[in-house]
Amino acid sequence: VSPVFKAIFFGPLGRNEDNVSIDAPVEAVKAMISHIYLEEICWEKKSLEEIIEIALLADFYDVVGMMQVVKKAVEKIPIALDNVVVTAHFAEEISILGEVSQLLLSKCTKFLSQVLCGHVLDFSGL
């Protein structure tokens, strides 16, 4: 499921310990473990920040298939006038996640083009 976990527990990094410390938010770790054990994750109840924390963890530990699930959750995040700028800025900050960052930026761009397409910008008063 995760070559990184395998290396930690059984490979050259093996510590022969019962406990391993993961420096990440508890909810992100729970989601990762749920994914590994094929349990349902309620993505609709997660904020964008929580989804990104999970994505960062999945990327770091190279959890098989989890980034695909994260991308599906990101696709469902609603973009509106009150969050489009913050979301685009956030997407730029997480550029390390590549496809997830690009997906968020694309959603913001598409939203803005749809909103602005129906409006004529008037600069005559400038």
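**Warm-up: a loop residue**

Leu38 is exposed, with a relative accessible area of 77% (exposed means over 50% relative accessible area, buried under 20%, partly exposed in between, with a 1.4 Å probe and protein chains only). Keep in mind that this is a predicted model, where local features need pLDDT of at least 70, side-chain atom pairs count only at pLDDT 80 or more, and totals for chains, interfaces and linings use all residues. Residues are numbered from 1 along each chain as its sequence is written, and side-chain values use heavy atoms, with hydrogens and water left out.

**Exercise 1. Find the loop that holds Leu38 and check its phi, then do the same for Asp62.**

Step 1. Leu38 sits in the loop between helix H2 (26–36) and H3. Helices here are DSSP runs of H or I with at least four residues, strands are runs of E with at least two, and both are numbered from the N terminus.

Step 2. Most residues other than glycine have a negative phi. Leu38 isn't a glycine, yet its phi is positive, about 60°.

Step 3. Asp62 belongs to the loop between H3 and H4. Its phi is positive too, near 50°, and Asp62 is a residue other than glycine. With 42% relative accessibility, Asp62 counts as partly exposed.

**Exercise 2. Describe how H3 and H4 pack.**

Step 1. Two packed helices are described by the angle between their axes and the distance between the axes. For H3 (residues 48–61) and H4 (residues 66–75), the angle is about 160° and the axes are 9 Å apart. The axes are lines fitted to C-alpha atoms, for helices over the stretch in contact, and angles run from 0 to 180 degrees between N-to-C directions.

Step 2. That angle makes H3 roughly antiparallel to H4 (over 145 degrees; under 35 is roughly parallel, 65 to 115 roughly perpendicular, and the rest oblique).

Step 3. On the H3 side, the contact (heavy atoms within 4.5 Å) is made by Ile51, Ile54, Ala55, Ala58 and Asp59. H4 brings Met66, Met67, Val70, Ala73 and Val74. Sorted by type, that's nine nonpolar residues, no polar ones and one charged. Ala, Val, Leu, Ile, Met, Phe, Trp, Tyr, Cys and Pro count as nonpolar, Asp, Glu, Lys and Arg as charged, and the others, Gly among them, as polar.

**Exercise 3. Repeat the analysis for H5 and H6.**

Step 1. The axes of H5 (residues 84–93) and H6 come within 8 Å and cross at roughly 155°. H5 is therefore roughly antiparallel to H6.

Step 2. H5 makes the contact with Val84, Thr87, Ala88, Ala91 and Glu92, while H6 uses Ser101, Leu104, Leu105, Cys108, Phe111 and Leu112. The split is eight nonpolar, two polar and one charged.

**Exercise 4. Compile profiles of Lys71 and Ser101.**

Step 1. Lys71, a residue of H4, is buried at 15% relative accessible area. Leaving out residues up to four places away in sequence, Lys71 touches Glu99, Val100 and Leu103.

Step 2. Ser101 lies in H6 (residues 99–117) and is buried too, at 2%. The Ser101 side chain reaches the backbone oxygen of Ala91 at 2.6 Å.

Step 3. Beyond its neighbours within four places in sequence, Ser101 contacts Ala91, Glu92, Ile94 and Ser95.

Step 4. To link the two profiles, take the C-alpha atoms: Lys71 and Ser101 are 30 residues apart along the chain, with 9.6 Å between those atoms.

Methods. Polar contact = N/O pair within 3.5 Å; in protein donor to acceptor, adjacent residues only side chain to side chain.
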